[in-house]
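Colleague: I would love a close look at one part of this chain, told at a pace a first-year student can follow. Could you take me through it?

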Amino acid sequence: MASRVVKGGPALTEYLNATKSAEPLYGDVQKHVLEKAMRPSGRRQDVLHPSEMVKADWCHLAAFHRLRRQAEPAEKRRTTFTRENIFQEGHETHSKWQRWFTEMGRLAGDWHCRACDQIFWDDQTPTCCRVCSASRRCVEYAEVPLNADPLRIGGKADGYSPQDSALIEIKTLGLGSLRYERPEFLERYMVETEEFGKLPDLTRLWRDFRRPLPSAVRQTQLYMYLCVHFEDLEVDRTVFFYDFKSTQETKSFTVTYDEGFSEPLIEAAAAIVDCVKSDTAPRCNINGRSGCPSCIEFKEQK
Ligand SMILES: [Zn+2]
Ligand SMILES: [Zn+2]
């Protein structure tokens, strides 16, 4: 086997652990996935991401610094094989639902052609590539870019159905994703068992799951705001599809567009962009003068 050299980084420990597997093929596939994850991601660093803007601890000062140092290379992510596996499972679930909606002729958005590697917008399911005319088989859904250039906000919704005036959001709900994203929600469903100690009651968790997670609602409200005000897309609601990993059961929820919901976030983004233009740092909105964990790393770099 050829030996490969991996430079140190946040995921190095996980990488090295992968080499301890008794089965070489299992170790190799873990190394492969982690090597891929350690490459800089294609995620743009020079925009405000709705997924970050909706977090309770979104720091305006840290956002300001990130927008300013746009030319710097993307940071490497800290990750584990399990985490990458959860992400990948999420991607596969997206593809599955998007493929069904494409077969139904229900999606508009960006489309990617595997033949010419170009991306083009189409208001409906394309019959061929608009760039190189390759057959429909080469064309796959590339989601819905949602940008507010003057506010430097850039995001992507999972789907858009013009016929339903709806954005589409696809979510996977599983023990793994909940552990990472909503540990406090999962904690509510932990039960003490005599034989096995603390276990999650997944049946009850799924039964009680009656609305999208609050962070997902905040994010989609912002997406809908971008649709209406910046992208000229007719949207009055978002339809969520949840895929429950434990049983493959699914649920759907609808969130109606609320114009006022995102206004504070839009105002904050406008203020941050003004600060970048005038080169004046805003104050940390989370912890004032002393700063919060997000902006503290920028403190010494002035
Ligand atoms: Zn093409
Ligand atoms: Zn801060």
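How many residues does helix H5 have, and how far does helix H5 reach from its first C-alpha to its last?

Modeller: Happy to. This is a predicted model, in which local features need pLDDT of at least 70 and side-chain atom pairs count only at pLDDT 80 or more, while totals for chains, interfaces and linings use all residues. Residues are numbered from 1 along each chain as its sequence is written, and chains are lettered from A and ligands numbered from 1 in the order in which they are written.

Helix H5 covers residues 81-103, which makes 23 residues, and its span from first to last C-alpha is 33 Å. That is close to the 33 Å expected at 1.5 Å a residue, where the expected span is 1.5 Å times one less than the number of residues. Just after H5, Gly105 has a positive phi of about 70°. H5 is part of a chain with 10 helices and 11 strands (DSSP runs numbered from the N terminus: helices are H or I with at least four residues, strands E with at least two).

Now look at what H5 packs on. Helix H5 lies across strands S6, S7 and S10, at about 140° to S7 (axes are lines fitted to C-alpha atoms, for helices over the stretch in contact, and angles run from 0 to 180 degrees between N-to-C directions). The buried residues of H5 are Ile86, Thr93, His94, Gln98 and Thr102; buried means that 20 or more other C-beta atoms, placed from the backbone, lie within 10 Å of the residue's own. Among the elements covering them are S3 (139-141), S6 (159-161), S7 (166-173), helix H6 (175-181) and S10 (237-244), with contact meaning C-beta atoms within 7 Å.

Three of those strands belong to an open, mixed sheet of 4 strands in the order S6-S7-S10-S11. S6 and S11 (250-256) are its edge strands, each pairing on one side only. Neighbouring strands here are turned by 25° against each other on average, direction ignored. S7 and S10 pair in the parallel sense over 8 bridges (two strands pair if DSSP finds at least two bridges between them), and Leu167 has Thr238 of S10 as its bridge partner. Helix H9 (residues 214-231) also lies across S7 and S10, together with S11, running at about 155° to S7.

Strand S3 leads to another sheet, an open one with 3 strands in the order S2-S1-S3 and antiparallel pairing. S2 (119-122) and S3 stand at its edges with a single partner strand each, so one side of each has no neighbour in the sheet. S3 is joined to S1 (residues 109-113) by 3 bridges, and Trp111 has Tyr141 of S3 as its bridge partner.

Methods: Buried ≥ 20, exposed ≤ 12 C-beta atoms within 10 Å, placed from the backbone. Contact = placed C-beta atoms within 7 Å.
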